[in-house]
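Let's take a walk through this one together, from the overall layout down to a few individual residues. Keep the viewer open so you can click along as we go.

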Amino acid sequence: MRQPITRIAIKVGSNVLTRQDGTLDVTRMSSLVDQIAELYRAGVEVILISSGAVASGRSEICPQKKLDSVDQRQLFSAVGQAKLINRYYELFREHRISVGQVLTTKESFSTRRHYLNQKNCMTVMLTNGIIPIVNENDTVSVSELMFTDNDELSGLIASMMDVGELIILSNIDGIYNGDPSASNTSVIRQIKQGEDFSDCIQTSKSGFGRGGMLTKTNIARKVADEGIPVVIANGKRDNILIDLFQNPGETLCTRFLPSKGPVSSVKKWIAHSEGFAKGEIHINECATQVLNSGKAISILPIGITRIEGEFEKDDIVRIIDFKGNPIGVGKVSTHSRQVRENLGKHGGKAVVHYDYLYIE
C-alpha cells in the first residue's frame, strides 16, 4: 500500500449508492465501508463525501400529495440524512471506527472565516481518529444556494483539507475517448496538466445525480491544478478503493496528474469561490498579457478599464480580460466606489493583491 498518501478524500456519488429504483443500495454501501475501514487501519486518514440522503429518504416515505422538485428534495433529504448517517454509523461501528456528520452549504464557504471554521472542525475529527462524513445540507440548500452536486463539494473539501488524493467514485470507469457505449472507445488512463480532452466529455447527466461527467472533469482539473492528484473510478467495481491503492498502475480509472507548483491555502479557497463573486473587474490588454504569462503581479488601477456590480472590501470578484473572457477570481482590497474613482490611474494600491488572486 502506498505510504506517502496519508490523507484522502473519497466522494461517493448517488449513482453508486442507489439501485435502479432509486432506493439505497445497502450492500454496496457496506462494501465501501469495509474498504474504507481497511485503509483506515493502514494509517490513512479518510474524509468521506457521501451522497445518498435523498435516495435514503425516498425509500422511507411516500408523500401524501405531489410535490415540486424543491419540496421533494427537502422532504426526502430531511428524513433520509438521518437514516443515511445512522447506517454509516452502524457499519463503521462493526469495525470499531467512529464517524461524525458534517452537513454544509455553499454559503459556508463564502467567507474565509467560515471556511477556516469548517477546516478546524474536520481537522479535530481526524486528529481524534474520527472519519468525517460530509454531505450538502439539502434541507436548506435550494436553487442558487446549492452546489452543482457533491463533486463540487468534494473539490472544496479536498482543497481545504490539503489531501494527498481525491477519489471520485461514479458508475463508470473514468473518462472515455468517445461515447462510453461504443465498442471502439476506451478509458483515458492519464490526463496531464493543460491537456485538452473537451471533445471526449459528454454533457448529459445520468441516473440520480445532479451533476455529470462535465462537472466531474471541471472539478478534477481545478483540484489537480492546485497540486492534488484526482482519480475518477467506478464505485460499483468490487474492491475498487483497495485496488487503487495497492495496484494504482493496473486499476482501470482516469488519473489527473497534479501540478508541481505549491498553491497557498488562501489561493485554494479563492480558486473555488467563483460562485460567491459580487462583481467583475475588467482589465486591459496589457494587464491580460502579463497575467496570462504566469508572472506574480497584482491588479492595479492602471490596468482596470471598468467594473461591474457593487462590492465591499474582501469580497470575491471575477477577473475579466480585455476580450470579455473570465480568466480568474480574486479578493478585493477596497470597495467598488473607490475602484471606480481610481480607474486607469497610476500610483494606486493594488485592487487585487497577487496573494489573493487566482488565474485559471
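How many Å separate the centres of domain 1 and domain 2, taken over C-alpha atoms? The figure is 34 Å. Keep in mind that you're looking at a predicted model. Its protein chain is split into domain 1, covering 5-261, and domain 2, covering 276-357.

Now for the inside. The largest nonpolar core is made of 39 residues, and Ile-47 and Ile-157 are the ones with the most contacts inside it. If you want to trace where this core comes from, the elements giving it two or more residues are β2 (45-50), α5 (112-127), α6 (150-160), β5 (165-170), α7 (213-225), β7 (230-234) and α9 (265-271). Domain 1 (5-261) and domain 2 (276-357) both contribute residues, so the core sits between them.

Click on Ile-157 and look at what surrounds it. Setting aside its neighbours within four places in sequence, Ile-157 is in contact with Ile-47, Ile-49, Phe-109, Met-122 and Val-134. Note that Ile-47 turns up in that set, and Ile-47 is also the other residue named for having the most contacts inside the core. There is a second, separate core too, with 36 residues, including Ile-10, Ala-53, Ile-240 and Leu-244.

Helix α6 deserves a longer stop. Asn-150 is in this helix, and so is Glu-152. Are these two buried or exposed? Asn-150 has a relative accessible area of 6%, so it counts as buried. Glu-152 is at 13%, and because the cut-off for buried is under 20%, Glu-152 counts as buried as well.

Both residues also sit beside parts of the chain that are far off in sequence, as the next distances show. Asn-150 and Val-12 are 138 residues apart along the sequence, yet their C-alpha atoms are 8.5 Å apart in space. For Glu-152 the partner to look at is His-272: the two are 120 residues apart along the chain, with 8.8 Å between their C-alpha atoms. As for what touches Asn-150, leaving out neighbours within four places in sequence, its contacts are Lys-11, Ile-49, Ser-50, Ser-51, Asn-135 and Glu-136. Ile-49 is a shared partner here, since Ile-157 is in contact with it and so is Asn-150.

Next, the empty spaces. A search of the whole structure turns up one cavity of 30 Å³ or more, and the largest cavity has a volume of about 40 Å³. Which residues line the largest cavity? They are Ile-191, Lys-192, Gln-193, Gly-194, Arg-221, Ala-224, Asp-225, Phe-256 and Leu-257. Helix α7 gives the most to this lining, with three residues. Sorted by class, the lining has four nonpolar, two polar and three charged residues.

The second largest pocket has a volume of about 460 Å³. It is lined by 17 residues, and Lys-267, Tyr-354, Tyr-358, Ile-359 and Glu-360 lie nearest its centre. Both α10 (285-292) and β13 (357-359) supply at least two residues of the lining, and the largest share, three residues, comes from β13. Eight of the lining residues are nonpolar, five are polar and four are charged. Like the largest nonpolar core, this pocket draws on both domains: at least three residues of its lining come from each of domain 1 and domain 2.

Finally, a few loops. Asp-162 lies in the loop between α6 and β5, and its phi is near 50 degrees, a positive value in a residue other than glycine. Asn-239 also has a positive phi, near 65 degrees. You'll find Asn-239 in the loop between β7 and α8 (240-246), where it is partly exposed, with a relative accessible area of 36%.

Our last stop is Asp-314, in the loop between β10 (304-308) and β11 (316-320). With 39% relative accessibility, Asp-314 counts as partly exposed. Apart from neighbours within four places in sequence, Asp-314 is in contact with Lys-331 and Val-332. The C-alpha atoms of Asp-314 and Val-332 are separated by 5.1 Å, although their positions lie 18 residues apart along the chain when counted as a separation in sequence.

Methods. Residues are numbered from 1 along each chain as its sequence is written. This is a predicted model: local features need pLDDT of at least 70, side-chain atom pairs count only at pLDDT 80 or more; totals for chains, interfaces and linings use all residues. Side-chain values use heavy atoms; hydrogens and water are left out. A nonpolar core is a set of buried Ala, Val, Leu, Ile, Met, Phe, Trp, Tyr and Cys residues joined through side-chain atoms within 4.5 Å. Buried means under 20% relative accessible area, exposed over 50%, partly exposed in between (1.4 Å probe, protein chains only). Helices (H or I, at least four residues) and strands (E, at least two) are DSSP runs, numbered from the N terminus. Domain bounds come from an automatic or database domain assignment. Contact means heavy atoms within 4.5 Å. On a 1 Å grid over the protein atoms alone, a cavity is a set of points where a 1.4 Å probe fits but cannot get out, and a pocket is an open set with protein on both sides within 12 Å along at least five of seven lines; lining residues have an atom within 4 Å of a point. Grid points are joined across faces, edges and corners, and a volume is the space filled by probe spheres set on the points. Ala, Val, Leu, Ile, Met, Phe, Trp, Tyr, Cys and Pro count as nonpolar, Asp, Glu, Lys and Arg as charged, and the others, Gly among them, as polar.
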